[in-house]
Amino acid sequence: MMSKSAICRITLLAGLMVPAATTWAADCAVEIEGNDAMQFNKSSIDVPASCKQFTVKLKHSGKLPKVAMGHNWVLTKTADAQGAAGDGVAAGAAKDYVKDGDARVIAHTKLVGGGESDSVTFGVDKLSAGESYTYFCSFPGHSSLMKGTLKLAK
Ligand code: CO
(Lines give C-alpha, C1' and ligand atoms only; values in the text may rest on other atoms or scores of the structure.)
Protein backbone atom coordinates (compact mmCIF):
# COMPACT_ATOMS: atom_id res chain seq x y z
CA MET A 1 0.00 0.00 0.00
CA MET A 2 1.16 3.48 -0.73
CA SER A 3 1.48 5.80 2.18
CA LYS A 4 -0.85 8.77 2.39
CA SER A 5 2.01 11.18 1.84
CA ALA A 6 3.15 9.33 -1.29
CA ILE A 7 -0.34 9.58 -2.76
CA CYS A 8 -0.36 13.23 -1.82
CA ARG A 9 2.92 13.82 -3.59
CA ILE A 10 1.75 12.01 -6.74
CA THR A 11 -1.46 14.01 -6.82
CA LEU A 12 0.49 17.23 -6.42
CA LEU A 13 2.91 16.23 -9.18
CA ALA A 14 0.06 15.35 -11.55
CA GLY A 15 -1.54 18.70 -10.80
CA LEU A 16 1.67 20.54 -11.63
CA MET A 17 2.13 18.63 -14.87
CA VAL A 18 -1.25 19.53 -16.35
CA PRO A 19 -0.53 23.16 -17.33
CA ALA A 20 2.80 22.20 -18.93
CA ALA A 21 1.17 19.37 -20.86
CA THR A 22 -1.60 21.68 -22.06
CA THR A 23 0.87 24.24 -23.39
CA TRP A 24 2.86 21.58 -25.15
CA ALA A 25 -0.24 20.09 -26.72
CA ALA A 26 -1.64 23.41 -28.00
CA ASP A 27 -2.84 22.53 -31.45
CA CYS A 28 -0.69 24.67 -33.71
CA ALA A 29 -1.56 22.73 -36.84
CA VAL A 30 -4.67 21.69 -38.69
CA GLU A 31 -5.39 19.43 -41.62
CA ILE A 32 -8.02 20.41 -44.15
CA GLU A 33 -9.22 18.35 -47.08
CA GLY A 34 -10.48 19.37 -50.49
CA ASN A 35 -12.43 16.86 -52.55
CA ASP A 36 -13.57 16.21 -56.12
CA ALA A 37 -16.92 17.86 -55.35
CA MET A 38 -15.20 21.24 -54.91
CA GLN A 39 -15.57 21.30 -51.12
CA PHE A 40 -13.35 21.83 -48.10
CA ASN A 41 -14.18 19.60 -45.12
CA LYS A 42 -13.89 22.53 -42.68
CA SER A 43 -15.79 25.81 -42.68
CA SER A 44 -13.77 27.47 -39.94
CA ILE A 45 -10.38 27.32 -38.27
CA ASP A 46 -9.41 28.73 -34.89
CA VAL A 47 -5.75 29.56 -34.36
CA PRO A 48 -4.77 29.42 -30.68
CA ALA A 49 -3.13 32.67 -29.61
CA SER A 50 -0.58 30.62 -27.64
CA CYS A 51 0.94 29.31 -30.90
CA LYS A 52 3.95 31.13 -32.32
CA GLN A 53 3.49 29.52 -35.72
CA PHE A 54 0.55 27.74 -37.25
CA THR A 55 0.63 25.06 -39.93
CA VAL A 56 -2.15 24.22 -42.34
CA LYS A 57 -1.86 20.96 -44.18
CA LEU A 58 -4.03 20.75 -47.28
CA LYS A 59 -4.87 17.29 -48.53
CA HIS A 60 -6.70 16.67 -51.81
CA SER A 61 -8.80 13.63 -50.98
CA GLY A 62 -10.13 13.27 -54.52
CA LYS A 63 -8.78 11.69 -57.70
CA LEU A 64 -9.13 14.45 -60.29
CA PRO A 65 -5.96 16.09 -61.62
CA LYS A 66 -5.12 19.64 -60.63
CA VAL A 67 -5.86 21.05 -64.09
CA ALA A 68 -9.50 19.97 -63.65
CA MET A 69 -10.04 20.15 -59.88
CA GLY A 70 -7.02 21.91 -58.40
CA HIS A 71 -7.13 23.09 -54.80
CA ASN A 72 -5.00 25.44 -52.79
CA TRP A 73 -5.47 27.15 -49.45
CA VAL A 74 -5.13 30.92 -49.49
CA LEU A 75 -5.54 33.13 -46.42
CA THR A 76 -6.42 36.83 -46.44
CA LYS A 77 -8.42 39.25 -44.35
CA THR A 78 -12.08 38.72 -45.15
CA ALA A 79 -12.23 42.20 -46.67
CA ASP A 80 -9.41 41.25 -49.09
CA ALA A 81 -10.62 37.80 -50.08
CA GLN A 82 -12.64 38.69 -53.17
CA GLY A 83 -9.97 40.96 -54.62
CA ALA A 84 -7.14 38.53 -53.96
CA ALA A 85 -9.14 35.63 -55.41
CA GLY A 86 -9.89 37.60 -58.58
CA ASP A 87 -6.26 38.61 -59.04
CA GLY A 88 -5.26 35.00 -58.37
CA VAL A 89 -7.42 33.74 -61.21
CA ALA A 90 -5.89 36.39 -63.48
CA ALA A 91 -2.36 35.29 -62.45
CA GLY A 92 -3.08 31.89 -63.99
CA ALA A 93 -2.17 28.26 -63.46
CA ALA A 94 1.58 28.85 -63.76
CA LYS A 95 1.37 30.95 -60.58
CA ASP A 96 -0.93 28.47 -58.80
CA TYR A 97 -3.60 31.18 -59.07
CA VAL A 98 -1.89 33.50 -56.59
CA LYS A 99 -0.68 36.90 -57.75
CA ASP A 100 3.07 37.40 -57.31
CA GLY A 101 3.88 39.43 -54.21
CA ASP A 102 0.26 39.97 -53.25
CA ALA A 103 0.50 41.71 -49.87
CA ARG A 104 -3.10 40.76 -49.10
CA VAL A 105 -2.17 37.07 -49.08
CA ILE A 106 -1.08 36.15 -45.54
CA ALA A 107 -0.25 32.54 -46.40
CA HIS A 108 -0.94 30.05 -49.15
CA THR A 109 -0.15 26.50 -50.18
CA LYS A 110 0.67 25.44 -53.69
CA LEU A 111 -2.04 24.05 -55.94
CA VAL A 112 -2.56 20.30 -55.56
CA GLY A 113 -4.47 17.63 -57.48
CA GLY A 114 -6.09 14.38 -56.34
CA GLY A 115 -4.03 12.41 -53.84
CA GLU A 116 -1.54 15.23 -53.33
CA SER A 117 -0.97 17.44 -50.33
CA ASP A 118 0.97 20.53 -49.34
CA SER A 119 1.37 22.53 -46.17
CA VAL A 120 2.13 26.09 -45.20
CA THR A 121 3.38 27.52 -41.91
CA PHE A 122 2.94 31.16 -40.98
CA GLY A 123 3.65 33.36 -37.99
CA VAL A 124 0.69 33.82 -35.70
CA ASP A 125 1.90 37.40 -35.16
CA LYS A 126 0.45 38.10 -38.61
CA LEU A 127 -3.04 37.69 -37.13
CA SER A 128 -4.86 40.27 -35.03
CA ALA A 129 -7.48 39.53 -32.40
CA GLY A 130 -10.92 40.65 -33.52
CA GLU A 131 -9.98 40.66 -37.23
CA SER A 132 -11.96 38.44 -39.59
CA TYR A 133 -9.94 36.25 -41.93
CA THR A 134 -11.11 34.12 -44.82
CA TYR A 135 -9.42 31.18 -46.48
CA PHE A 136 -10.34 29.98 -49.93
CA CYS A 137 -9.25 27.98 -52.94
CA SER A 138 -8.28 30.37 -55.73
CA PHE A 139 -8.69 27.87 -58.60
CA PRO A 140 -11.06 29.52 -61.12
CA GLY A 141 -14.66 29.18 -59.98
CA HIS A 142 -13.85 27.54 -56.64
CA SER A 143 -13.67 30.41 -54.16
CA SER A 144 -17.42 30.95 -53.92
CA LEU A 145 -17.86 27.40 -52.60
CA MET A 146 -14.43 26.53 -51.22
CA LYS A 147 -14.03 29.01 -48.40
CA GLY A 148 -14.13 29.34 -44.67
CA THR A 149 -13.35 31.71 -41.87
CA LEU A 150 -10.29 31.83 -39.65
CA LYS A 151 -9.77 33.72 -36.46
CA LEU A 152 -7.26 34.14 -33.71
CA ALA A 153 -8.76 32.35 -30.72
CA LYS A 154 -8.20 33.37 -27.12
CO1 CO B 1 -10.22 24.16 -55.53
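A disulfide is a pair of cysteine sulfur atoms within 2.5 Å. Keep that in mind, since this tour comes to one a little later. The model on your screen is a predicted one.

**Stop 1: the whole chain**

Start with a cartoon view of the protein chain, where you'll find 3 helices and 8 strands. Walk along from the N terminus and the elements go α-β-β-β-α-β-α-β-β-β-β. Now color by burial: of the 154 residues, 36% are buried. If you show contacts between residues at least 6 apart in sequence, 74% of them join residues at least 24 apart.

**Stop 2: the disulfide**

Select the cysteines and look for a sulfur-sulfur link. How many disulfides does the structure hold? There is 1, formed by C28 and C51, with their sulfur atoms 2.0 Å apart. Turn the view to look at the S-S bond: the angle about it is -90°, which makes the link left-handed. C28 sits in the loop between α1 (4-25) and β1, while C51 sits in the loop between β2 (44-48) and β3, so the pair ties together parts that are 23 residues apart in sequence.

Is C51 buried or exposed? C51 is buried, because its relative accessibility is 4% and the cut-off for buried is under 20%. Its partner C28 comes out at 24%, so C28 counts as partly exposed.

**Stop 3: strand β3 and its partners**

Just past C51, select β3, residues 53-60. Show its side chains and compare the two faces. F54, V56, L58 and H60 make up the covered face, and Q53, T55, K57 and K59 the uncovered one.

Next, add the strands that pair with β3. A quick reminder: strands of a sheet pair through backbone hydrogen bonds, either parallel or antiparallel. Strand β1 (residues 29-34) pairs with β3 in the parallel sense, over 6 bridges. To see one of the matches, click E33, whose bridge partner in β3 is K59. Strand β6 (residues 117-123) pairs with β3 too, but in the antiparallel sense and over 7 bridges. Here, click Q53 and look across to G123 in β6, which stands opposite.

**Stop 4: an open sheet**

Now hide those strands and bring up the open sheet of 5 strands, with the order β2-β8-β7-β4-β5 and mixed pairing. Which strands are at the edges? They are β2 and β5 (107-108), each pairing on one side only.

Zoom in on β7 and β8, which pair in the antiparallel sense over 4 bridges. Pick Y135 and you can find its bridge partner in β8, G148.

**Stop 5: the cobalt ion**

Time to select the cobalt ion. Which protein atoms are its donors? They are the O of G70, the ND1 of H71, the SG of C137 and the ND1 of H142, lying 2.1 to 2.5 Å from the ion. Follow these donors along the chain and the spacing reads G-H-x65-C-x4-H.

Try checking the angles among the 4 donor atoms: they range from 79 to 130°, and the site is irregular. Why isn't it called tetrahedral? Because four donors count as tetrahedral only if all angles lie between 85 and 135 degrees, and here the range begins at 79°.

Switch to a surface view and go through the donors. G70 is buried at 0% relative accessibility, and H71 is buried at 0% as well. C137 is also buried, again at 0%, while H142 is buried with a relative accessible area of 3%.

Stay on H142, in the loop between β7 (133-136) and β8 (147-153). Its side chain reaches the backbone oxygen of G70 at 3.3 Å. Leaving aside neighbours within four places in sequence, H142 is in contact with M38, M69, G70, H71 and C137.

**Stop 6: two unusual phi values**

One of those contacts of H142, M38, deserves a click. Most residues other than glycine have a negative phi. The phi of M38, though, is positive, near 60°. You'll find M38 in the loop between β1 and β2, partly exposed at 23% relative accessible area.

For another such case, jump to Y97, whose phi is also positive and near 60°. Y97 is in the loop between α3 (78-91) and β5. Is Y97 buried or exposed? With a relative accessible area of 12%, Y97 is buried.

Note on methods: Residues numbered from 1 in each chain as written. Predicted model: local features only at pLDDT ≥ 70, side-chain atom pairs only at ≥ 80, totals over all residues. Heavy atoms only, no water. Donors = N, O, S within 2.8 Å, 3.2 Å for Na, K, Ca; no water. Tetrahedral: all angles 85-135°; square planar, octahedral: opposite > 155°, others 65-115°. Buried < 20%, exposed > 50% of the residue type's maximum accessible area, 1.4 Å probe, protein only. Helix = DSSP H or I, 4+ residues; strand = E, 2+ residues; numbered from the N terminus. Polar contact = N/O pair within 3.5 Å; in protein donor to acceptor, adjacent residues only side chain to side chain. Contact = heavy atoms within 4.5 Å. Pairing = 2+ DSSP bridges.
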